[in-house]
Amino acid sequence: MLFEREPLTPAGRKDVLMRLFGAAARRGDEWSVANHVPVAVLEAHGDLAVHVRFILEAARNNRSLSREQQRMLHKTERLLDSLPESIIETLPAGPEDNWLQLYRKLVDMHGLLEDALPDLDEEEYTSIVQKMVQLAEAVADCAAVEVSAASMFALMLVQVHLNKYESPKPRLARRAKRKTTTRKK
């Protein structure tokens with residue numbers, strides 16, 4: 001052949017996918033990071049924080065909660081307190097940065113509330129999740145990383161690639177070696 005091509009390595013594929021994600025997720029030139037948090041984000045955060053704090057306070061007055069549930073409620077409160085910092089860090093983060101920090105914290109908060117308060121009714125649960133979604137949407141609308149169908153597809157490709165090539169392989173059960181002893185005759 002006139003031109004010999006080297007096959008693309010898994011690391012090279014990862015780099016290509018990350019560049020494609022960055023190109024799909026980066027906002028256009030019209031977007032700039034102003035050193036402020038947009039009002040829509042502040043309002044969405046306030047709605048969620050007030051609602052969750054009300055639920056936490058009501059739950060603390062419930063004497064039938066286990067120690068583990070109380071611990072999860074305390075952890076939820078600490079997570080809620082850390083959301084403003086996460087919002088401030090997520091908004092200007094580019095595709096190569098930790099732009100998922102806020103979204104991960106919201107997912108963690110959902111899991112903690114779900115475990116700590118399994119007896120929430122449908123209306124209350126729906127309200128909490130809607131407020132989380134509204135905050136995520138408000139941040140996504142203003143963040144440096146644009147959440148779109150193209151960027152999410154590229155991100156899914158990156159995730160599949162990482163799972164295929166970089167996830168730890170499950171360990172096979174090791175067989176216990178039998179000790180062989182030799183008998184003296």
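Visitor: By class, how many nonpolar, polar and charged residues does the lining of the largest pocket have?

Guide: A lining is read by sorting its residues into classes. In this predicted model, the lining of the largest pocket has eight nonpolar, two polar and three charged residues.

Visitor: Which residues of that lining lie nearest the centre of the largest pocket?

Guide: The lining consists of 13 residues, and those nearest the centre of the pocket are M18, W99, L100, R104 and L155. The space within the largest pocket is about 260 Å³.

Visitor: Which elements give two or more residues to the lining of the largest pocket?

Guide: They are α1 and α6, the latter spanning residues 149-165. With four residues, α6 gives the most to this lining.

Visitor: W99 has been named at the pocket. How many aromatic pairs does the structure hold?

Guide: The structure holds two aromatic pairs. In one of them, F21 and W99 are stacked, with 5.7 Å from centre to centre and 25° between the planes. That pair counts as stacked because planes under 30 degrees apart fall in this class.

Visitor: Why does the pair of F21 and W99 tie together parts that are apart in sequence?

Guide: One should place each partner in its element. F21 belongs to helix α1 (residues 10-25), while W99 sits in the loop between α3 (67-90) and α4 (101-116), so the pair ties together parts 78 residues apart in sequence.

Visitor: What is the geometry of the aromatic pair that W99 and Y103 form?

Guide: W99 and Y103 form an edge-to-face pair, at 6.2 Å centre to centre and with 70° between the planes. The pair is given this class because its planes are over 60 degrees apart. F21, W99 and Y103 together form one aromatic cluster.

Visitor: Are W99 and Y103 buried or exposed?

Guide: Both W99 and Y103 are buried. F21 is buried as well.

Visitor: Let us turn from open to enclosed space. How many cavities of 30 Å³ or more are there?

Guide: The count comes to one cavity of 30 Å³ or more. The volume of the largest cavity is about 40 Å³.

Visitor: Which residues line the largest cavity?

Guide: Its lining is made up of H110, L113, E114, L120, Y125 and I128. The elements that give two or more residues to this lining are α4 and α5 (122-142). Of the elements, α4 gives the most, with three residues. By class, the lining of the largest cavity divides into four nonpolar residues, one polar and one charged.

Visitor: L113 lines that cavity. Which residues is T76 in contact with, leaving aside its neighbours within four places in sequence?

Guide: The contacts of T76 are with V52, L56, M109, L112 and L113. T76 itself is placed in helix α3.

Visitor: Why does T76 count as buried?

Guide: The relative accessibility is compared with a cut-off: buried means under 20%. T76 has 0% relative accessibility and therefore counts as buried.

Visitor: Is E77 buried, partly exposed or exposed?

Guide: E77, which is also placed in helix α3, has a relative accessible area of 23% and is therefore partly exposed. Leaving aside neighbours within four places in sequence, E77 is in contact with R53, L56 and R60. From C-alpha to C-alpha, E77 and R53 are 7.5 Å apart in space, and they are 24 residues apart in sequence.

Visitor: Where is Q101 found, and what does it touch?

Guide: Q101 is found in helix α4. Not counting residues up to four places away in sequence, Q101 touches S86, E89 and T90. Q101 counts as buried, since its relative accessibility is 16%.

Visitor: Let us close with the whole chain. How many helices and strands does its secondary structure come to?

Guide: The protein chain has six helices and zero strands. From the N terminus on, its elements run α-α-α-α-α-α.

Visitor: What part of the contacts with a separation of 6 or more joins residues 24 or more positions apart?

Guide: Such residues account for 78% of those contacts in the protein chain.

Visitor: How much of the protein chain do buried residues make up?

Guide: Of the 185 residues in the protein chain, 32% are buried. The accessible surface of the chain comes to about 13700 Å², and 55% of that surface belongs to carbon and sulfur atoms.

Notes. Residues are numbered from 1 along each chain as its sequence is written. This is a predicted model: local features need pLDDT of at least 70, side-chain atom pairs count only at pLDDT 80 or more; totals for chains, interfaces and linings use all residues. Side-chain values use heavy atoms; hydrogens and water are left out. Rings of Phe, Tyr and Trp (its six-membered ring) pair if their centres lie within 6.5 Å; planes under 30 degrees apart count as stacked, over 60 as edge-to-face and the rest as tilted. Buried means under 20% relative accessible area, exposed over 50%, partly exposed in between (1.4 Å probe, protein chains only). On a 1 Å grid over the protein atoms alone, a cavity is a set of points where a 1.4 Å probe fits but cannot get out, and a pocket is an open set with protein on both sides within 12 Å along at least five of seven lines; lining residues have an atom within 4 Å of a point. Grid points are joined across faces, edges and corners, and a volume is the space filled by probe spheres set on the points. Ala, Val, Leu, Ile, Met, Phe, Trp, Tyr, Cys and Pro count as nonpolar, Asp, Glu, Lys and Arg as charged, and the others, Gly among them, as polar. Contact means heavy atoms within 4.5 Å. Accessible areas come from the Shrake-Rupley method with a 1.4 Å probe; for residues, only the protein chains shown count as cover.
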